[in-house]
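Visitor: I'd like to know how the labels on a structure are earned. Could you walk me through a few?
Guide: Gladly, let's look at it together.

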Amino acid sequence: MKISLLNTCSSLLQPWKQFSTRTRTFTIATAFTVSAAVPVYAGITLQKPPTNAQNQLISQNPKTVELTLVSYAVTKEAYSKIIPLFTQKWKKERNQEVIFRESYGGSGSQARAVIDGLEADVVALALGLDVEKIQKAGLIAPGWEKEVPNNGIVTRSAVVLVTRPGNPKKIRDWNDLVKPGVTVITANPKTSGGARWNFLGLWGSVIKTGGNEAKALDYVTKVYKNVPVLPKDAREASDTFYKRNQGDVLLNYENEEILAKIKGESNFPSILPQVNISIDNPVAVVDKVVDKRGTRQVAEAFVKFLYTPEAQRQFAKVGFRPVNTTAVKENQKQFPPISKLYTVKDFGGWDAIQKKFFDDRAIFDQIQGGKF
């Protein structure tokens, strides 16, 4: 996993209205120190800040504060632009320098690393389920989604169907994925958050167009019969399609395809189904960590800044659908409306989804076991 440390910028953001105070049962430490060793959690190495910044932190310089952001891989380019905007504004308004450590990787792996001890002040993950796991571990207080705008969802995306140049198999919509001779590439939803979104996209394409559970099960079972391999994550699935030249169609995030085209890495056609799942990406302050380290004020201000037009424009530039109304209007051409968009709430929330579809011996395991 490639993890980067963003150099500190002398900067900063207006003191945004602070989040409401909640009653907390966490034990709060009175101070924190920066270890000279580079910590490693679940195989994730978090880089140290520059030596001069580290010395400032050890001496508890009130002019300097450190934040650790733990996010999923494809957000890296957006945060490389957003973080300097925030630090510049905060420096201007508070005369305090913010030093960021950043860790990027698979959303599930990042959540596990935080649970295992990686002290993240802020987590920005691909699935609400991953934030809920951190909450259940006692690191985030219940009700976190009510403390920020938009119920904690900071960006959105959708599932796209990526085809070979010229679209030789004439893929137009979800129904085409069950055609004889069409091979579909998607990751394993037991190990990949992105693949869970794909699965919900497939299932919902039936349920949200008048079909019942039996028809949805029949359709999804037929799709997976056309899946020759199940890579462990979305990145490996993309490599299987692009680099190994396997499959006729790839199920992928819309934002990944937009970014690949911006970078000139893909000229493959992609179809945005008009019945689709809203891929909602949450952000949260890690309560136990910020209370321990005394970073709550700046961590909450950073999270709130992510919802401003300035930050949302940067998300849009790398393919994420913004949630800020100003940024939405500015990017209408890049992000066409979707006729019928459903969310995880339509499935009863992540706990219900996990139990029904992805737990051991649940629907996906039964599909793979040939029981349908």
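Guide: Let's start with R164, which lies over the face of F241. Keep in mind that this model is predicted.

Visitor: What makes R164 count as lying over the face of F241?
Guide: R164 is 3.8 Å from the ring centre of F241. The cut-off for a charge over a ring is within 6 Å of the ring centre and within 35 degrees of the ring normal, so a charge that sits over a ring has passed both tests.

Visitor: Why is the pair of F199 and F358 called edge-to-face?
Guide: The two ring centres are 5.2 Å apart, with 75 degrees between the planes. Pairing needs centres within 6.5 Å, and planes over 60 degrees apart count as edge-to-face, so the label fits. A search of the whole structure finds 22 aromatic pairs, and this is one of them.

Visitor: What does the pair of F199 and F358 tie together?
Guide: F199 lies in helix α5 and F358 in helix α13, so the pair links parts that are 159 residues apart in sequence.

Visitor: How do you know whether F199 is buried or exposed?
Guide: Its relative accessible area is 0%. Buried means under 20%, so F199 is buried. F358, with 2%, is buried as well.

Visitor: What makes strand β4 mostly covered?
Guide: In β4, residues 97–105, 9 of the 9 residues are buried. E97, I99, R101, S103 and G105 point one way, while V98, F100, E102 and Y104 point the other way.

Visitor: How do you know that β3 and β4 pair?
Guide: They share 9 bridges in the parallel sense. At least two bridges are needed, so β3 and β4 count as paired.

Notes:
Residues numbered from 1 in each chain as written. Predicted model: local features only at pLDDT ≥ 70, side-chain atom pairs only at ≥ 80, totals over all residues. Heavy atoms only, no water. Buried < 20%, exposed > 50% of the residue type's maximum accessible area, 1.4 Å probe, protein only. Helix = DSSP H or I, 4+ residues; strand = E, 2+ residues; numbered from the N terminus. Phe/Tyr/Trp six-rings, centres within 6.5 Å; stacked < 30°, edge-to-face > 60°.
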